[in-house]
Amino acid sequence: MTRVFSGIKPTGPVQLGNLLGALRHWVADQDEADGVFCIVDLHALTVPQDPVELRERTLELARLLLAIGIDPERSILFVQSHLSEHAELSWILECTASFGELRRMTQFKDKSDGAEFVSAGLFTYPALMAADILLYDTDRVPVGDDQRQHLELARDLAIRFNGRYGDTFVVPEAAIPKIGARVMDLQHPTRKMSKSEDSPQGTILVLDDLDAVAKKIKRAVTDTDTEVRFDPEHKPGVSNLLSILSACTGEDPAVVADRFTRYGDLKAACAEAVVETLRPIQQRYRELAADPTGTKDILAAGAERARAIARPVLDRARTNLGLLAP
Ligand code: TYM
């Protein structure tokens, strides 16, 4: 069976981009693949975190993933730091990656540019991400468009390692959706929606109050002329709304555009589609919140199942590298 692996950082509330670009596809993938889904708390440490908040967010994120539809009977859901194998393989892959290729990562450039403190971990972040993926003999990695370059690196590292030390890792493929892979900020439609940007009116949180969600969409920035057309380059605001609506309904944005002649109608339809997408998730989240121990038990069982896959892969890498068995 095809193995699917993906991860999300517990660094802030989950936003609509995470849902449409990645999480919905994790849920759908469970039907035809063997899913391994990870809350990547070690990745969150590349910038300073409040310890109490980090712990709470990790558990809340697990609950949200269950509410969205990750099924612990079929898939593995676990927390990255519960397995030491990730950090261990990360070191090996840091020694496989070159300084130059890590320096070319655009996310590193964006996040380090102008920052007062740039951790070494922010620089080596993609090696840890490659470790996450390669530990599970992963065939396919469902992610949003912003992870494309990291995925390319994971593939390059797998190929390089296999070339040097013999067949060790499965070379993974990125699975980036055609629609919704880059949900943009509603107020600044030329930059992506992000949980770490300070743009509350431009960002829809999956757990936002539903009336607030509708208002944010109705107040979204549109473009100067009045034509409803799917043209991300020249009409970023309208095209973003069309993408969001089509990602919710499973249609083609250019076809959806033909149904509207006025921005107001497009906004109303988009608001309704998003609200109806979020409503059942929020309801299920509230139900799960009543039973926090259940979520912890699921994560503990997930870590055990994850280790059963990851440990032999790490041992294979250690042996092929020539590390003496303990
Ligand atoms: P993270 O936590 O930033 O985001 C989780 C997922 O959401 C997608 N995403 C978006 N998709 C569409 N539009 C947006 N505006 C948007 N914002 C975020 C991301 O592409 C991602 O798929 N490095 C990863 C986490 C990670 C990982 C991994 C992913 C660590 N190890 C191994 C896959 C495999 C990250 O920071 O995602």
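In this predicted model, the search for enclosed space returned one cavity of 30 Å³ or more. About 50 Å³ of space lies in this largest cavity. Its lining is formed by Gln107, Phe108, Lys111, Leu122, Tyr125, Pro126 and His150. Two elements, α6 (106-112) and α7 (120-134), each give two or more residues to that lining. By chemical class, the lining residues divide into four nonpolar, two polar and one charged.

Charge pairing was examined next. Side chains of opposite charge can pair when their charged atoms come close. Across the whole structure, 26 salt bridges were found. One of them joins Arg318 to Glu88, with the closest N and O atoms 2.8 Å apart. Arg318 belongs to helix α13 (residues 292-321) and Glu88 to helix α4 (residues 85-94), so this pair ties together parts that are 230 residues apart in sequence. The two partners fall into separate exposure classes: Arg318 counts as buried at 19% relative accessibility, because the limit for that class is under 20%, whereas Glu88, at 27%, counts as partly exposed.

A second salt bridge of helix α13 is local. The side chains of Arg307 and Glu304 meet with an N to O separation of 3.1 Å. Both residues lie in α13, three residues apart, which corresponds to about one turn of the helix. In an α-helix there are 3.6 residues a turn, so residues three or four places apart point the same way. Arg307 has a relative accessibility of 26% and counts as partly exposed. Through shared partners, salt bridges join Glu85, Glu88, Glu304, Arg307, Arg311, Asp315 and Arg318 into one network. The Arg318 to Glu88 pair described above is thus represented in this network by both of its residues.

Arg307 is also a contact of His82, which touches Ala303 as well, when residues up to four places away in sequence are not counted. His82 is placed in the loop between β3 and α4 and, at 40% relative accessibility, counts as partly exposed. Between the C-alpha atoms of His82 and Ala154 the distance is 22 Å, and the two residues are 72 residues apart in sequence.

A further salt bridge links the side chains of Arg229 and Asp231 at 2.9 Å, N to O. Arg229 is partly exposed, with 28% relative accessibility, while Asp231 is buried, with a relative accessible area of 16%.

Ser75 occupies the loop between α3 (51-68) and β3 (76-79). Its relative accessible area is 1%, and Ser75 is therefore buried. Beyond residues up to four places away in sequence, Ser75 touches Gln30, Gly35, Phe37, Ile70 and Arg305.

Helix α10 spans residues 236-249 and contains 14 residues. From its first C-alpha to its last, the helix reaches 20 Å, close to the 20 Å expected at 1.5 Å a residue. Helix α10 is mostly covered, with 13 of its 14 residues buried. Gly250 follows the helix and has a positive phi, near 80°.

How values were computed. Residues numbered from 1 in each chain as written. Predicted model: local features only at pLDDT ≥ 70, side-chain atom pairs only at ≥ 80, totals over all residues. Heavy atoms only, no water. Helix = DSSP H or I, 4+ residues; strand = E, 2+ residues; numbered from the N terminus. Expected span 1.5 Å × (residues − 1). Buried < 20%, exposed > 50% of the residue type's maximum accessible area, 1.4 Å probe, protein only. Contact = heavy atoms within 4.5 Å. Salt bridge = Lys/Arg side-chain N within 4 Å of Asp/Glu carboxyl O. 1 Å grid on protein atoms, 1.4 Å probe; cavity = no way out; pocket = protein on both sides within 12 Å on 5 of 7 lines; lining within 4 Å. Points joined across faces, edges and corners; volume = space filled by probe spheres on them. Nonpolar A, V, L, I, M, F, W, Y, C, P; charged D, E, K, R; others polar.
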